[in-house]
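Biologist: Could you take one part of this model and walk me through it closely, then follow its surroundings outwards? I would like a connected account rather than a list.

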Amino acid sequence: MFARRLFVYFSLSLLFSQVTPGQSATPVPSLPGASTAVAAPTPAQPQITFNSVHVEGPYIALTFDDGPNATLTPKLLDLLAAHHFKATFFVVGQNAADHPEILRRAVREGHEIGNHSWSHPNLAKMSDEAVRHELQKTEDAIVAAIGKRPALLRPPYGSITANQKRWIHDEFGYRIIIWDVDPLDWKRPGPSVVTSRILKETRPGSIVLSHDIHPPTIEAMVATFNQLEAKGFKSVTVTDLLALAKPLPPKPSPSPRASTTPIPSPASVSTPPVTTSTPGG
Ligand SMILES: [Zn+2]
């Protein structure tokens, strides 16, 4: 019930937010005139946050949040195995602690486990200490289950501040994984709708969000996996997808937006304090 109320809250807050998840991960362009004033250029910061990547090949990452679930996650693992798809499970710590055997099976079958916090709060509204506690407790549960630290964090609702991204990356070493395909399966629109949304939006390099705690989502994955496979897609873990990433080729012409605003103002290039995404995740 608590999570449901948060979903409603973020559905409303989304109406007032123009921020796209992960945008703040875009490297900040140098300010006009800075090149002559600064002796040594600042080396590019490694990218911390990912919504999708550019790959050469049919690779995608299917991701499932909020589990594991005692009955649904094993069913999903059976489906994934039938298609030789690898997935990434962003687990809620308290569920991971309840079902360590499901995490062990997932890892044994080639899937990845990521941190999705202990109790699914909105991290952007919490103190650093409270966030640290949520992440550490979950990491401990994952290590207890599979003997390995997670490398990835998906913040609940995709909600995380730029400052949190930095210190979480520094302290935990996590890369922050959002998504570019969101079928809104948690609203339970019906399996065929979930399937068609995923098929319509998924392209090479996509990170697809779904939740392995809703029966219709698992039902939807039967047709979804069949059709993704028919289209030639191969699902790999998020860490493997990031390793396959290639730099984006240069664009042939400037975008219309760039041509009307050639020089970004400092305000437009600065990172927004809070990145609030769609209520999924
Ligand atoms: Zn979630």
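Modeller: Happily, and let's begin with a pair of strands in this predicted model: β3 and β4 run parallel and are joined by 4 bridges. Within the pairing, V91 has N115 of β4 opposite it. Strand β4, residues 112-115, is covered on both faces. E112 and G114 are buried on one side, while I113 and N115 are buried on the other.

Two helices bring us back to β3, and α6 is a good one to take next. This helix covers residues 128-146, and its 19 residues reach 27 Å from the first C-alpha to the last, close to the 27 Å expected at 1.5 Å a residue. Its buried residues are V131, E134, L135, T138, A141, I142 and A145. Viewed down the axis of α6, they fall within an arc of 125 degrees, so they line one face of the helix. That pattern has a simple background: an α-helix has 3.6 residues a turn, so residues three or four places apart point the same way. The buried residues of α6 pack against both β3 and β4, and also against α4 (93-98), α5, β5 and α7 (162-172). E129 and A144, on the other side of α6, are exposed. Just past the helix, G147 adopts a positive phi of about 70 degrees.

The second helix is α3, residues 72-83. At 1.5 Å a residue its 12 residues should span 16 Å, and the end C-alpha atoms lie 17 Å apart, which agrees. L72, T73, L76, L77 and L80 are the buried residues of α3. Seen along the axis of α3, these buried residues fit within an arc of 135 degrees, so they too line one face. The cover over them includes β3 (87-91), along with β2 (59-65), α5 (100-108) and α9 (215-230). D78 and A82 are exposed on the other side of α3. Right after this helix, H84 takes a positive phi of about 55 degrees.

Just before α3 there is a backbone detail you may want to inspect. P68 sits in the loop between β2 and α3, and the peptide bond from G67 to P68 is cis, with omega near 0 degrees. For comparison, most residues other than glycine have a negative phi, and most peptide bonds are trans. Two further residues go against the phi part of that rule. Y157, not a glycine, has a positive phi of about 65 degrees, and this residue is in the loop between β5 (152-153) and β6 (160-161). Y157 counts as buried because it has 25 C-beta neighbours inside 10 Å. R188, also not a glycine, has a positive phi of about 50 degrees and lies in the loop between β7 and α8. With 14 C-beta neighbours inside 10 Å, R188 counts as partly exposed.

The loop that holds R188 also contains V181, between β7 (175-177) and α8 (191-201). V181 is buried, with 22 other C-beta atoms within 10 Å. Its C-alpha is 6.0 Å from that of E201, although the two are 20 residues apart along the chain. Besides E201, and leaving out residues up to four places away, V181 touches I198, T202, S206, I207, V208 and L209.

I207 and V208 lead us to the core. The largest nonpolar core has 54 residues, and those with the most contacts inside it are A61, V91, L103, I177, I207 and V208. In soluble globular proteins, nonpolar side chains tend to be buried together. Take A61: beyond its neighbours within four places in sequence, this residue is in contact with I207 and V208, and also with T88, S235, V236, T237, V238 and L241.

Stepping back, the chain has 12 helices and 10 strands, and buried residues make up 41% of its 281 residues. Among contacts with a separation of 6 or more, 83% join residues 24 or more positions apart.

One caution about where to look. The mean pLDDT is 84, and 75% of the residues reach 70 or more. Over residues 1-40, however, the pLDDT is below 50, and this stretch has 39 contacts in the model beyond near neighbours in sequence. Residues 258-277 also stay under 50, with 31 contacts beyond four places in sequence. Where pLDDT is low, the predicted coordinates should not be read in detail.

Key
Residues numbered from 1 in each chain as written. Predicted model: local features only at pLDDT ≥ 70, side-chain atom pairs only at ≥ 80, totals over all residues. Expected span 1.5 Å × (residues − 1). Buried ≥ 20, exposed ≤ 12 C-beta atoms within 10 Å, placed from the backbone. Arc of directions from axis to C-beta. Contact = placed C-beta atoms within 7 Å. Core = buried A, V, L, I, M, F, W, Y, C linked by C-beta atoms within 7 Å. Pairing = 2+ DSSP bridges. pLDDT = per-residue confidence, 0-100.
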